[in-house]
Amino acid sequence: MTLRMPLMLLALLPALLAVWGMRRSVARAARTVRFLLLVALIVALAQPVLAGVPLAPPLLVLVDQSASLAPQDRAVAWAAAQTLARERGTAPTTLGTVGQDVRIVPPGASPSVDPSGTDLGAALRLAGGWGGHTVLLSDGGATNDDTDIAAQQLHKAGVIVDVVPLTGTLTLDARVTGINLPTGLREGQHFAAEIALASTAAMTATLHLLEDGVERSVQPVALKPGTTVVPFLGSLDRAGLHTFRATLDLHDAHAENNSLDQTILIGPPPKVLVIERTPDTAAALRDTLERGGIQSEALRPPDLSPRLSDLQRFDAIVLNDVAATDLSPAQQATLREYVRSLGHGLLVLGGTHSYGLGGYKDTPLETVLPVQMQPQPRRERQQVSLLLIIDHSASMYGADASTSKLELAKGGALAATQALMPNDRVGIEVFDTDSQYAVPFTSIGDATSLSTIQTGIRSIDLGGGTDIYGALQRGLADLAQQPTTIKHAVLLTDGRSYARQSYDKLIGDARTAGITLSTIAIGDDADTALCKQLATLGGGQYQLAANPQELPRLTLEESQISRSDPRVEGTLQPEVEGTPAPLRGLVPSQFPTISGYVSTTLKPSADILLRSPSQDVVLAGWQFGLGRALAWTSDSGGQWATNWQRWRDAPLFWSQLLAYTFPDPASGPLSAQVVASPAPHIVADAFDATGAPLDLADVGARVTAPDGSEQTLRLHQIAPGRYTAPLTATLSGGYGIGVGLRKGTTELSTTTGYVRPYPSEFARPPDPALLGRIAQATGGRLLSNLAALAAFHVPPSRPERPLWPWCVAVALVLWPLEVAARRGFFRRRARVATSS
């Protein structure tokens with residue numbers, strides 16, 4: 001009770017004085033009654049109030065009613081929410097349901113919601129619009145990805161959300177999450193694929209795999225908590241649309257997610273062109289491709305047509321250890337446009353004539369590839385053996401001995417020795433009609449060794465004629481015997497060799513031994529054609545020193561090139577980066593080792609698929625224009641990847657790499673696809689032979705549903721060459737869609753597929769961590785269970801009640817009693833009663 005105490009106390013003072021001032025003759029009873037009457041009036045004037053119970057603030061209760069919870073669990077949660085609303089009495093309490101949509105439920109109504117999803121983001125946005133305290137009852141299995149963002153927005157708006165986790169009884173559930181097939185598959189091509197399964201607990205099941213409705217395999221699977229991957233091998237002997245279905249046979253919480261379809265469009269048999277530097281060097285690779293279902297043709301680099309129209313019949317081209325100098329600029333440009341403009345594939349295989357060893361830098365080949373030719377820096381540089389083969393014939397003499405070609409060549413040799421490292425080896429061979437060593441192969445070593453080497457260089461004197469072949473034959477054979485990984489030879493000559501033997505075998509054997517050969521032609525009278533040929537065969541570079549003064553600089557450059565040789569050798573195990581599509585279905589732990597590769601640098605927008613333990617690129621790929629290009633920096637098996645060539649799964653590996661680069665089988669003058677968002681609809685694009693959009697055509701589609709029923713649709717034009725129609729897909733499973741176009745005499749057709757997956761509600765497990773993040777972000781509490789809802793119960797509200805009318809009523813009753821007592825009425829009545 002609330003009283004205006006100061007006023008009441010002041011008012012009681014005259015009342016006390018009035019009673020005190022009464023005549024003593026007035027009876028004690030009269031004084032008492034008058035005092036009580038005055039007190040009642042004074043209290044009434046103070047307007048006392050009986051305190052009430054205030055009304056509780058509004059509360060919004062959102063209850064998860066999605067199918068991830070069992071019907072009985074949904075009923076229990078809804079009953080708990082109704083009990084809370086009833087216990088709160090007149091306190092404002094609003095109930096809502098959460099599913100694929102979010103709805104407010106009127107008082108007394110039953111919950112109604114689409115249970116095929118759990119849109120917690122929409123539920124939190126509703127709470128934000130409500131603006132008051134909210135309680136969320138859910139298992140956290142959100143089917144949208146915007147829940148965390150919505151919770152952060154509530155935090156900014158000051159809306160608190162308390163969360164009650166719903167654990168439910170559906171704890172054991174397994175599902176098929178995907179059928180992962182390689183892209184670009186063709187008729188007859190072998191492939192490795194995998195079925196992805198997920199389970200909430202360890203359990204056993206039977207997995208059925210169907211192809212176009214025909215069961216192709218049945219196998220037991222032991223599911224573990226989390227993800228289980230089941231690989232399978234296959235090939236399809238018919239081009240066109242195919243449907244795979246994976247089904248788990250077991251008793252679990254949701255049968256709806258135990259089956260999943262995947263459609264794939266298989267193209268006609270592939271055609272691959274292999275460019276090999278010398279005949280039959282790619283024979284083993286071609287045999288491997290044939291075992292993988294891919295037929296190929298082989299050409300030498302000079303026979304590669306520079307016309308795109310001649311290459312269009314091939315789905316992909318393979319360069320097998322081909323140097324840039326083996327191809328003309330026109331051929332390289334054609335390969336670039338073959339990928340960028342035609343949308344076909346390119347696979348470049350490494351070796352001692354490829355990438356940085358093959359002069360790819362700043363060429364169209366480097367442009368089209370996913371790697372740059374700059375090798376990665378290495379902490380430990382490999383040892384180098386450098387052989388300088390110097391012409392000391394009479395023509396190397398000049399009028400001024402200090403500036404003769406021979407003296408300048410000797411100066412270049414001296415500079416080269418200073419550029420090498422102490423553990424490198426160098427040999428100086430001089431030749432005329434015969435050859436000899438001015439400095440036999442020796443380590444640079446310390447200053448004493450270097451001084452001895454340089455003394456030998458300075459002692460070189462003039463000779464007679466010129467026999468380049470004999471000098472190369474001796475020097476390259478000795479260089480091959482050196483105990484280093486990198487072996488590089490530089491030929492410096494100003495003359496023409498009188499011996500005209502064939503250099504192909506001589507240089508080929510040197511390349512097989514890992515030797516590279518560069519040439520420096522001195523003066524315009526040198527045999528520049530021969531020098532160019534030797535550098536091309538040797539995988540090195542040709543340089544013309546028109547001015548002999550350039551000799552020291554050019555020789556120094558060659559020594560620096562040998563020091564930065566990009567090859568990396570040594571046994572290593574390639575490592576998989578992520579889960580790349582071209583390697584899907586293969587087991588990374590079973591990949592063979594390689595013994596070398598050419599070091600490169602990954603381009604910023606490219607993807608690395610395999611890397612070395614030192615993080616160098618072994619396999620990389622990227623989208624280049626309309627097509628794709630892959631870079632394999634080891635070789636095809638001749639020197640570095642021999643284990644890979646003998647690997648049991650090599651046919652699958654190489655065929656899937658090439659399939660990744662093949663053009664989409666659905667590409668062509670008429671292509672079609674199904675766009676799933678915001679609602680499924682068919683989109684078809686049509687072009688004529690010149691690439692111009694085909695407008696005002698009659699376009700239709702025949703759709704075959706998973707149950708075999710068919711529907712015919714007419715597509716309407718919405719843009720130049722583009723037609724569309726909505727797709728009604730109510731059943732889960734794979735749909736086959738054939739699209740046809742007619743305009744005048746032009747008739748086109750294509751095929752595509754669409755898979756409507758099972759409802760997203762069954763695609764994700766409950767996520768208690770998400771519920772915790774919602775509570776934390778909004779400043780709410782994560783409650784233990786439904787019993788914790790008792791904390792939101794409130795006593796019934798009661799308004800304040802004024803007490804002054806009761807005080808006045810008491811005063812009105814006491815007033816006549818006070819008058820009677822004051823006039824002695826009660827005393828006289830007492831005497832009369834006594835006398836009688």
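**A predicted chain in questions and answers**

Buried residues make up 50% of the 836 residues in the chain, where buried means under 20% relative accessible area, exposed over 50% and partly exposed in between, with a 1.4 Å probe and protein chains only. This is a predicted model, in which local features need pLDDT of at least 70 and side-chain atom pairs count only at pLDDT 80 or more, while totals for chains, interfaces and linings use all residues. Residues are numbered from 1 along each chain as its sequence is written, and side-chain values use heavy atoms, with hydrogens and water left out.

Me: How many helices and strands does the secondary structure of the chain come to?

Reply: Helices (H or I, at least four residues) and strands (E, at least two) are taken as DSSP runs and numbered from the N terminus. On that basis the chain comes to 20 helices and 39 strands.

Me: What share of the contacts in the chain with a separation of 6 or more comes from residues 24 or more positions apart?

Reply: Contact here means heavy atoms within 4.5 Å. Among the contacts with a separation of 6 or more, the share from residues 24 or more positions apart is 72%.

Me: In the open sheet of six strands, how many degrees does the twist average from one strand to the next?

Reply: The order of this open sheet is β21-β20-β19-β22-β23-β24, with mixed pairing, and two strands pair if DSSP finds at least two bridges between them. Its edges are β21 (435–443) and β24 (539–545), each of which pairs on one side only. From one strand to the next, the twist averages 10 degrees.

Me: Which residue in β23 is the bridge partner of T493?

Reply: Strand β22 (residues 486–493) pairs with strand β23 (residues 515–522) in the parallel sense, over seven bridges. Within β23, the bridge partner of T493 is A521.

Me: At about what angle to β24 does helix α14 run?

Reply: Axes are lines fitted to C-alpha atoms, for helices over the stretch in contact, and angles run from 0 to 180 degrees between N-to-C directions. Helix α12 (residues 468–480) lies across β19 (384–391), β20 (425–431), β21, β22 and β23, at about 20 degrees to β21. Helix α14 (residues 528–537), in turn, lies across β22, β23 and β24, and its angle to β24 is about 155 degrees.

Me: How far apart in space are A438 and S459, C-alpha to C-alpha?

Reply: A438 lies in strand β21 and counts as partly exposed, at 24% relative accessibility. Leaving aside residues up to four places away in sequence, A438 touches I428, V430, G456 and I460. A438 and S459 are 21 residues apart in sequence, and their C-alpha to C-alpha distance is 7.6 Å.

Me: Which are the edge strands of the open sheet of eight strands?

Reply: This open sheet has mixed pairing and follows the order β15-β14-β16-β17-β31-β30-β29-β26. Each edge strand pairs on one side only, and the two are β15 (295–299) and β26 (575–576).

Me: With which residue in β17 does I317 form a bridge?

Reply: Strand β16 (residues 316–320) and β17 run parallel and are joined by five bridges. The bridge partner of I317 in β17 is L346.

Me: Is S354 buried or exposed?

Reply: S354 lies in the loop between β17 (345–349) and α9 (364–368). Not counting residues up to four places away in sequence, S354 touches D321, V322, L349, Y360 and V598. With a relative accessible area of 0%, S354 is buried.

Me: How are α6 and α17 oriented to each other, roughly parallel or roughly perpendicular?

Reply: Helix α6 (residues 283–291) and helix α17 (residues 650–661) pack with their axes 8 Å apart, at an angle of about 85 degrees. Angles under 35 degrees count as roughly parallel, over 145 as roughly antiparallel, 65 to 115 as roughly perpendicular and the rest as oblique. The two helices, α6 and α17, are therefore roughly perpendicular.

Me: Which residues in α17 are met by L285, T288, L289 and R291 in α6?

Reply: The four residues named belong to α6, and in α17 they meet A650, P651, W654, S655 and L658. The residues of this contact divide into six nonpolar, two polar and one charged, where Ala, Val, Leu, Ile, Met, Phe, Trp, Tyr, Cys and Pro count as nonpolar, Asp, Glu, Lys and Arg as charged, and the others, Gly among them, as polar. The residues met in α17 are A650, P651, W654, S655 and L658.

Me: Which residue in β11 stands opposite A196?

Reply: Strand β8 (residues 190–199) is mostly covered, with nine of its ten residues buried. β8 pairs with strand β11 (residues 226–235) in the antiparallel sense, over ten bridges. Opposite A196, in β11, stands V229.
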